[in-house]
Amino acid sequence: MEYSGEQFDVIVIGAGIMGSCAAYQLSKHGQKVVLLEQFDFLHQLGSSHGESRTIRATYPEDYYSDMVIESSRLWEEAESEIGYQVYIKTPQFDMGPKNNKSLQCVIENCKSSSLPCSVLDNKQVSEQFNGSFELPENWVGLLTQLGGVLKPTKAVSMFQTLALQKGATLRDNMEVIDIKMDYEMGGVYVSTSNGSMFRGKKCVVTIGAWMQKLVKMVSGKALPIQPLHTTICYWRIKKGHEEEFLVDNGFPTFASYSQPYIYGTPSCEFPGLIKIAVHGGYQCDPDNRTWASTEIEDSVYSWIEGIFSGRVDSTKPVFTQSCMYSMTPDGDFVIDFLGGEFGKDVVIAGGFSGHGFKMGPVVGRVLADLVINGEAQGVDLSYFRLGRFEENPKGNVKEFEDQVQSYELLPV
Ligand SMILES: Cc1cc2nc3c(=O)[nH]c(=O)nc-3n(C[C@H](O)[C@H](O)[C@H](O)COP(=O)(O)OP(=O)(O)OC[C@H]3O[C@@H](n4cnc5c(N)ncnc54)[C@H](O)[C@@H]3O)c2cc1C
């Protein structure tokens, strides 16, 4: 086994958005960090690649909004450090039937927070967006100013570059196969499938859809994190309407609390096309994917036709991209110490359940705090504890319906 003899303060495993942000934050705080990735950096086989992710502070759970506000500030800070843009601001528009419980909670949370927001009926929505959004009569809209599009691959590259500039070591094609406590020297050692070994005082595991597999292997713990294969669809905007769907003309990022939950971003990365996707997917093994596209329900075609009043070609998507979610039963993250023999020396962060990208910077900050201080301020981590699934297999109890249906865990 190849061991360089170099001792790190922290070994970060997994170079998606979470690991890259953690490596950046830890290096910024003077820690000697190595970031290990199983594939090439910036690959497309996990969850953090592609052209667009939404940032919004509108959540039915009241504990996410402040995290988004902090994250938004940290996104801007990182942009000004690197000198280029990965965060394109535009308002966020949420919509749905007036009696939808999740949307009602979103609206209540917004009203009781510091976020400027307006609740609009269908006529006001039509006026606000010059007819680009047309809601049914029994629907309501919520417009908030904290929204926008994040550029995922570019953003991951940005945090890796910033980490590198602050002294981090970055190593790709390093598939971690084991993490062990070093009872003689203290800390942990991490071994990879190509025979390398790394020693660190602490370890952060941010391996997305592979979390369940590696954690089971190293600790025997079965985490309820189910990988889902999901598909993003791009649709053609009809001739003459392309400009209406641009950020420059005030077109927002959007989410629809109907069945199914549909979300999208303004026309941005591919001229003349708009991203409209369904929040969900089918269970998969991250090492053995079929790559089949998710099926599009009839209700999605009719939603596009009706909401965009015939301005988007709803016959079929022009093209699709694949990605993976890591779902927990309650849709909440897992951010905790691994515990057991690893105690507080190994921190895990996963189960981002299809809404984690925007949180990368704040999660990176929290992970750095947990490693350096053994605790994190400013975020209530009780919602993200691993132990919640021992108390209740479904995790945190919610007073509204899930946005993504729950799945039986596939065996690992
Ligand atoms: C289609 C889609 C749309 C989304 N839309 C949004 C959105 O609009 N807004 C939003 O906020 N979020 C969104 N998300 C969610 C967000 O993208 C994810 O929550 C986030 O990217 C998860 O990042 P991660 O770092 O945990 O996982 P990943 O990006 O998968 O990173 C984990 C990394 O660990 C590596 N790894 C795994 N095992 C090992 C090992 N043994 N050794 C070394 N490396 C390993 C993997 O190769 C991978 O690079 C979306 C996700 C998808 C799929």
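**Ligand shell, a small sheet and strand 14**

The shell around the ligand is made up of 17 nonpolar, 15 polar and four charged residues (Ala, Val, Leu, Ile, Met, Phe, Trp, Tyr, Cys and Pro count as nonpolar, Asp, Glu, Lys and Arg as charged, and the others, Gly among them, as polar). The model is a predicted one: local features need pLDDT of at least 70 and side-chain atom pairs count only at pLDDT 80 or more, while totals for chains, interfaces and linings use all residues. Numbering starts from 1 along each chain, following the sequence as written.

Among the 36 residues around the ligand, Gly14, Gly16, Gly46, Gly208 and Gly356 come nearest (a residue is near a molecule or strand if its C-beta atom, placed from the backbone, lies within 6 Å of it). At least two shell residues apiece come from helix 1 (17-28), strand 3, strand 13 (226-236) and strand 18 (319-327); helices (H or I, at least four residues) and strands (E, at least two) are DSSP runs, numbered from the N terminus.

Strand 3 also turns up in an open sheet of three strands, with the order 3-8-4 and antiparallel pairing (two strands pair if DSSP finds at least two bridges between them). Strand 3 (53-56) and strand 4 (87-89) sit at the edges with a single partner strand each, so one side of each is left without a neighbour in the sheet. On average, neighbouring strands here are turned by 30° against each other, direction ignored (axes are lines fitted to C-alpha atoms, for helices over the stretch in contact, and angles run from 0 to 180 degrees between N-to-C directions). Strand 4 is joined to strand 8 (residues 147-150) by three bridges, and lysine 89 stands opposite glycine 148 in strand 8.

Strand 14 (residues 253-256) has Thr253 and Ala255 pointing one way and Phe254 and Ser256 the other, and all are buried (20 or more other C-beta atoms within 10 Å of the residue's own; 12 or fewer means exposed, in between partly exposed, with C-beta atoms placed from the backbone). Strand 5 (residues 92-97) runs parallel to strand 14, joined by four bridges, with phenylalanine 93 partnering phenylalanine 254. Strand 15 (residues 262-265) is antiparallel to strand 14 and shares three bridges with it. Here alanine 255 stands opposite tyrosine 263, and five residues lie between the two strands of this hairpin.

Zooming out, the protein chain has nine helices and 20 strands, and buried residues make up 49% of its 412 residues.
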